[in-house]
Each structure stands twice: as structure tokens, then as C-alpha cells.
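Visitor: Please take me through one part of this model in detail. I would like to look closely at the place where the ligand sits.

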Amino acid sequence: MKNVGRIFILSAPSGTGKSSLIKSFLKKEQFLEVKMSISYTTRLIRPGERHGIDYYFISKKKFKLMIKKKKFLEYAKVFNNYYGTPLIHTQSILFKGQDILLDIDWQGARQIKKIFLNAKSIFLLPPSKDELFNRLKKRNQDDQEVIFHRMKKFIKETSHYLEYDYLIINDNFNDAISHLKTIICSYRLSTSYQSMKYKKLIQNLLCRD
Ligand code: 5GP
């Protein structure tokens, strides 16, 4: 059987610092060669974001057409906008044997876990509610109404934390990166992962010649 990559899911309520964490993680831990999926979304582009880098920003009409054509591995409606993980891109990464990190919400995580039973999911939490509010305010990318809406959604989203395999509290940024690395590395050392990777070696070691 071909060595297929693994899926790691990272979910967090808005303003938890997930995007910064992912960016730094990918930069700092390049040697781990974890790939990211770029989602499609119908939400408006924020200052500093780039089409094709942060998201593919598309209309609701186009998104619905993509749903119809089964172009998504999973998709969900989050804050009145649609978000979806492209199927082809994800498949091509996995079939190359590379691991992929999905930055998706709990609805998407549930869908992925149903399809990929060995996917590992991680939930990120802020160190406090005050800190979360400050981060949302500092980000200054959304209007007040959206910030309060997201604060209200915080409890609802966080209530899903038990559905995840791992929990990281984003108090100290470097610690959070290191925890993420530990999760990925420990998974890569698991017997199921290693026995696939070192199949030939193990066969050879067990061979009675
Ligand atoms: P934001 O608009 O702040 O970039 O993202 C809002 C939420 O949508 C975040 O929780 C993020 O993880 C989630 N999200 C981003 N891309 C996807 C996706 O492809 N699928 C799902 N289910 N959620 C996504």
C-alpha cells in the first residue's frame, strides 16, 4: 500500500491567534514539511489578505456551484459565509505522502473525522476571555458588530472542544508552537505511521533467511 499523508486539523474560536500560530509554525518548523490547504470562502477579503494565499475568495453563487460539482472535501457555513476545503488539492498532497494541516471549524472537523478515521484534531483556546476580546479588538479587521457576534459565538464554538484529540492553550506563543510540533512528531512516531514508512525495513528484519 502506498504511503499516504495524514491530516491534522486545527480549530479555534476567532481571535485565539490561530492564523499567527500556523504562520509561525510553518516558518519555524519547515523541516517537518507539513502542507497547508487553502480554503475557498465567500467572505470579504480583509486588509492584508491575498487571494490564493490566505483564501480563494469567491462569490456565493460560485461556491454553491462548487458544492454541486462535489469540489469540496468538506464545507460549512461559518458566520454567515461559506468556507470549504478543496478536494483535489488535499488529495494530491496526501497521495504524495505529505501531511496536511487544515485550519477549519468544528463542523468541518466533524466531516473530516468521518472520512479520515486517523485524522488528528487539535483545538486551540485563548488564555482568557479578556485576552480573546483584546485580540479581536486589536485585529481591527472586523467592525464592532462582527466582534460582538464572534464573542457570542465563542462559547458555542468552544463547547465542541471535547470532540478533539488535543487541546492547546495559546498563552505563550512559543509554547503553543512547540505543543503543535510535539503532537505532529509524536503521531509520526506512532506504530501505525512508522510501520507504513518503514514497511520494507520491518519486512527485512522479520525475514528468516
Ligand atoms: P476567518 O473568516 O476568521 O478566516 O475564519 C472563520 C472560521 O472559518 C475559522 O474558524 C476557520 O477555521 C474556519 N474555516 C476556514 N476555512 C475553512 C474551511 O475550509 N472549512 C471549514 N469548515 N471552516 C473553515
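Guide: Start with the neighbours. This is a predicted model, and in it 17 residues surround the ligand. The closest are Lys18, Ser39, Arg43, Tyr55 and Tyr83. By type, the shell around the ligand divides into six nonpolar, four polar and seven charged residues.

Now look at single contacts. Tyr55 is one of the closest residues. A polar atom in the side chain of Tyr55 lies 2.6 Å from an oxygen atom of the ligand. Gly84 uses its backbone instead: a polar backbone atom there is 3.3 Å from an oxygen atom of the ligand. Asp105 faces a nitrogen atom of the ligand, with an N or O atom of the Asp105 side chain 2.8 Å away.

How much of the ligand does the protein cover? On its own, the ligand has 510 Å² of accessible area, and the protein covers 94% of that. The space that the ligand takes is the largest pocket.

Which strands help to build the shell? Strand 5 (72-78) and strand 6 (81-86) each supply at least two of its residues.

Next, turn to the sheet. Five strands form an open sheet, in the order 2-7-1-8-9, and their pairing is parallel. Strand 2 (35-36) and strand 9 (166-169) are the edge strands, so called because each pairs on one side only. In general, strands of a sheet pair through backbone hydrogen bonds. Follow one edge inward. Strand 2 runs parallel to strand 7 (residues 100-103), and two bridges join them. Here Met36 stands opposite Leu101 in strand 7.

Terms used:
Residues are numbered from 1 along each chain as its sequence is written. This is a predicted model: local features need pLDDT of at least 70, side-chain atom pairs count only at pLDDT 80 or more; totals for chains, interfaces and linings use all residues. Side-chain values use heavy atoms; hydrogens and water are left out. A residue is near a molecule or strand if one of its heavy atoms lies within 4 Å of it. A polar contact is a pair of N or O atoms within 3.5 Å; within protein, one must be able to donate a hydrogen and the other to accept it, and residues adjacent in sequence count only if both atoms are side-chain atoms. Accessible areas come from the Shrake-Rupley method with a 1.4 Å probe; for residues, only the protein chains shown count as cover. On a 1 Å grid over the protein atoms alone, a cavity is a set of points where a 1.4 Å probe fits but cannot get out, and a pocket is an open set with protein on both sides within 12 Å along at least five of seven lines; lining residues have an atom within 4 Å of a point. A molecule sits in a cavity or pocket if more than half of its atoms lie within 2 Å of its grid points. Helices (H or I, at least four residues) and strands (E, at least two) are DSSP runs, numbered from the N terminus. Ala, Val, Leu, Ile, Met, Phe, Trp, Tyr, Cys and Pro count as nonpolar, Asp, Glu, Lys and Arg as charged, and the others, Gly among them, as polar.
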